[in-house]
Amino acid sequence: MSVSIKSGREIELMREAGRILAKVHEELGKMLKPGISTLDIDRTGERMIRSYGCIPSFKNYNGYPASICVSVNDEVVHGIPNKHRILQEGDIVSLDAGVIYNGYHSDAARTYAIGKVGPEVQQLIQVTRECFYEGIKHARAGNHLNDISLAIQTYAEHFGYGVVRDLVGHGVGKALHEDPEVPNFSQKRKGIRLRPGMTLAIEPMINMGRADVVWLDDNWTVVTDDGSLSAHYENTILITDGEPEILSLL
Ligand code: MF3
Ligand code: CO
């Protein structure tokens, strides 16, 4: 395994990629309302990404057919946009997007409620975002990768949630997926030592019920095995010699 250390120039490009991706998410978040289709989100997202001079990194990645992964309710990740899938009041929707700017990737995901949802659903969304922040507290040079993983798992399980095991975060940079893997659950080993210039996609995927997931027949959409709701929150971050920097936030 080799974990790349980004140069100053590479970090600048990843900052710009992240800034653009944050804007894309902000705009997509604003368009969400009952009655729009998941394909509407993808179309708008792809157009916006290209308008910023970026390439949507998911499009055709291992054959994935869209630019934005749109995952509704019990769909965990990698939902395929579809014009017949119409958002309804009370749904939750996870949007995952990636951009390439001058050869450098940024990757980020957000989960939103459509209209009013119950307090237990709001809590799932909020805790999933907080899981990211619990993890990043440990994203400091000299710490080990497993410090991040353990913090995310501990926080999520405190609420009785299931931490998805079958998908993980990852290094990100010249490629969408680089070493190392960044699990949201503790490993037996402490993992690599974090160093300044490492860029990671930290992405807790948290189920209201059990952790188990299954793949649908489309070979992409991942759903919870027990049908419970699932939320996803992801940012691209930079390890520095001080506070970590979140690149995909404005
Ligand atoms: N954020 C996801 C990931 O890190 C997005 C990949 S979806 C794919 O793996 F379509 F590009 F595969
Ligand atoms: Co990712």
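Colleague: How is the arrangement of the six donor atoms around the cobalt ion (ligand 2) described?

Modeller: Let's reason from the angles in this predicted model. Six donors count as octahedral if opposite donors are over 155 degrees apart and all others between 65 and 115. Here the donor atoms subtend angles of 64 to 167 degrees, so the arrangement around the cobalt ion (ligand 2) is irregular.

Colleague: Thanks! Which residues are the protein donors of that cobalt ion (ligand 2)?

Modeller: Along the chain, the donors follow the spacing D-x62-H-x32-E-x30-E. They lie 2.1 to 2.2 Å from the cobalt ion (ligand 2), and the protein donors are D107 (OD), H170 (NE2), E203 (OE) and E234 (OE).

Colleague: How many residues apart are D107 and E234?

Modeller: D107 sits in strand β5 (residues 104-113). E234 is in the loop between β13 (230-232) and β14 (235-238). The pair links distant parts of the chain, and the separation is 127 residues.

Colleague: Is E234 buried or exposed?

Modeller: Buried means under 20% relative accessible area. D107 meets that cut-off with 3%. E234 has 0% relative accessibility, so E234 counts as buried.

Colleague: Now for the pockets. What is the volume of the largest pocket?

Modeller: The largest pocket has a volume of about 320 Å³. Of its 21 lining residues, the closest to the centre are Y61, H78, L167, H177 and E203. By class, the lining has eleven nonpolar, five polar and five charged residues. The volume asked for, then, is about 320 Å³.

Colleague: And which elements give two or more residues to the lining of the second largest pocket?

Modeller: This pocket holds about 250 Å³ of space. Its lining has 13 residues, with M1, L145, E181, Q187 and G191 nearest the centre. The elements giving two or more residues are α4 (145-158) and β8 (178-182).

Notes
Residues are numbered from 1 along each chain as its sequence is written. Chains are lettered from A and ligands numbered from 1 in the order in which they are written. This is a predicted model: local features need pLDDT of at least 70, side-chain atom pairs count only at pLDDT 80 or more; totals for chains, interfaces and linings use all residues. Side-chain values use heavy atoms; hydrogens and water are left out. On a 1 Å grid over the protein atoms alone, a cavity is a set of points where a 1.4 Å probe fits but cannot get out, and a pocket is an open set with protein on both sides within 12 Å along at least five of seven lines; lining residues have an atom within 4 Å of a point. Grid points are joined across faces, edges and corners, and a volume is the space filled by probe spheres set on the points. Ala, Val, Leu, Ile, Met, Phe, Trp, Tyr, Cys and Pro count as nonpolar, Asp, Glu, Lys and Arg as charged, and the others, Gly among them, as polar. Helices (H or I, at least four residues) and strands (E, at least two) are DSSP runs, numbered from the N terminus. Donors are N, O and S atoms within 2.8 Å of the metal (3.2 Å for Na, K and Ca); water is not among the atoms, so sites may look incomplete. Four donors count as tetrahedral if all angles lie between 85 and 135 degrees; four count as square planar and six as octahedral if opposite donors are over 155 degrees apart and all others between 65 and 115; anything else is irregular. Buried means under 20% relative accessible area, exposed over 50%, partly exposed in between (1.4 Å probe, protein chains only).
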